[in-house]
Amino acid sequence: MRYDVLVIGSGFGGSVTALRLAEKGYSVGVLEAGRRFADDEFPQTSWRARRFLWAPRLGCYGIQRLTVLRPAVRRSGSGVLVLSGAGVGGGSLVYANTLYEPLPAFYTDPQWRDITDWRDELARHYDQAKRMLGVTTYPLDTGADRAMRAVAERMGVGHTFHPTPVGVHIGRPGERTTTRTSVAPARNAPAACTAARA
Ligand SMILES: Cc1cc2nc3c(=O)[nH]c(=O)nc-3n(C[C@H](O)[C@H](O)[C@H](O)COP(=O)(O)OP(=O)(O)OC[C@H]3O[C@@H](n4cnc5c(N)ncnc54)[C@H](O)[C@@H]3O)c2cc1C
């Protein structure tokens, strides 16, 4: 098979790249190491290791990839553990659905502030991503939220506590809908998002 472009990985980056190239008329192939998951194939909890973790050598074909990066010269306490997604959709299968815009310090970082006005440059892209991902503000005040607020207040940073922007349709469990602002297909409304349960 021949393609104009072969995209490796179907996560947020790869899938958007493939879509935009296909829209421009290129023939595009996407190679994905993980499997495709139907709605009812996701593990109910992260304790179901075989369905949650991606570790083919151990017979695990789930959505959570764990990669250990070791330094060339080993020292105790060195190295990095990387969590990422596996499967058609990449990290979007396992991420916590929180979708923030950067704080002002990002736009004015001395490394790139002189190149352009990044806030202005990126605004329409954030708008589009938010619309396509159906970003909304999490409306509930759960026990976890109250605990977080109490800890923040105890640390003297209670004023920074705020409800989270999430790419989740908040509706009644089982209700199917397409958000007015989203072009994504209808999804099942979750009882609570993964992040809220974790
Ligand atoms: C547990 C968790 C929670 C997160 N929560 C949030 C959040 O709330 N908000 C937020 O903004 N971000 C969150 N993130 C981060 C976010 O998921 C990533 O930044 C994002 O997925 C990165 O997109 P990407 O396209 O670069 O890579 P990915 O989405 O990781 O996609 C890469 C894809 O490539 C595939 N692949 C890799 N190697 C190969 C190969 N050799 N051949 C074929 N396919 C390959 C992988 O299987 C994967 O599907 C979270 C991440 C994790 C792990």
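Four strands of this predicted model form an open sheet with mixed pairing, running in the order β4-β3-β5-β6. At its edges stand β4 (60–61) and β6, and each has a single partner strand, so one side of each is left without a neighbour in the sheet.

Let's follow the edge strand β6 inward. Strand β5 (residues 64–69) pairs with β6 in the antiparallel sense, over 6 bridges. Which residue of β6 is the bridge partner of Arg-65? That partner is Ser-84.

Strand β6 also brings us to the ligand. Around the ligand there are 24 residues, and those that come nearest are Gly-9, Gly-11, Gly-13, Gly-90 and Gly-91. Two elements give two or more residues to this shell: α1 (12–23) and β6 (80–85). So β6 appears twice in our picture, as an edge of the open sheet and as a contributor to the ligand shell.

If you are thinking about the chemistry of that shell, here is how its residues divide:

| Class of shell residue | Number of residues |
|---|---|
| Nonpolar | 10 residues |
| Polar | 13 residues |
| Charged | 1 residue |

The five nearest residues named above are glycines, and glycine is counted in the polar class here.

Now for the chain as a whole. The protein chain holds 6 helices and 10 strands. How much of the chain counts as buried? Of its 198 residues, 13% do. Among contacts in the protein chain with a separation of 6 or more, 46% come from residues 24 or more positions apart.

Methods
Residues numbered from 1 in each chain as written. Predicted model: local features only at pLDDT ≥ 70, side-chain atom pairs only at ≥ 80, totals over all residues. Buried ≥ 20, exposed ≤ 12 C-beta atoms within 10 Å, placed from the backbone. Contact = placed C-beta atoms within 7 Å. Near = placed C-beta within 6 Å. Pairing = 2+ DSSP bridges.
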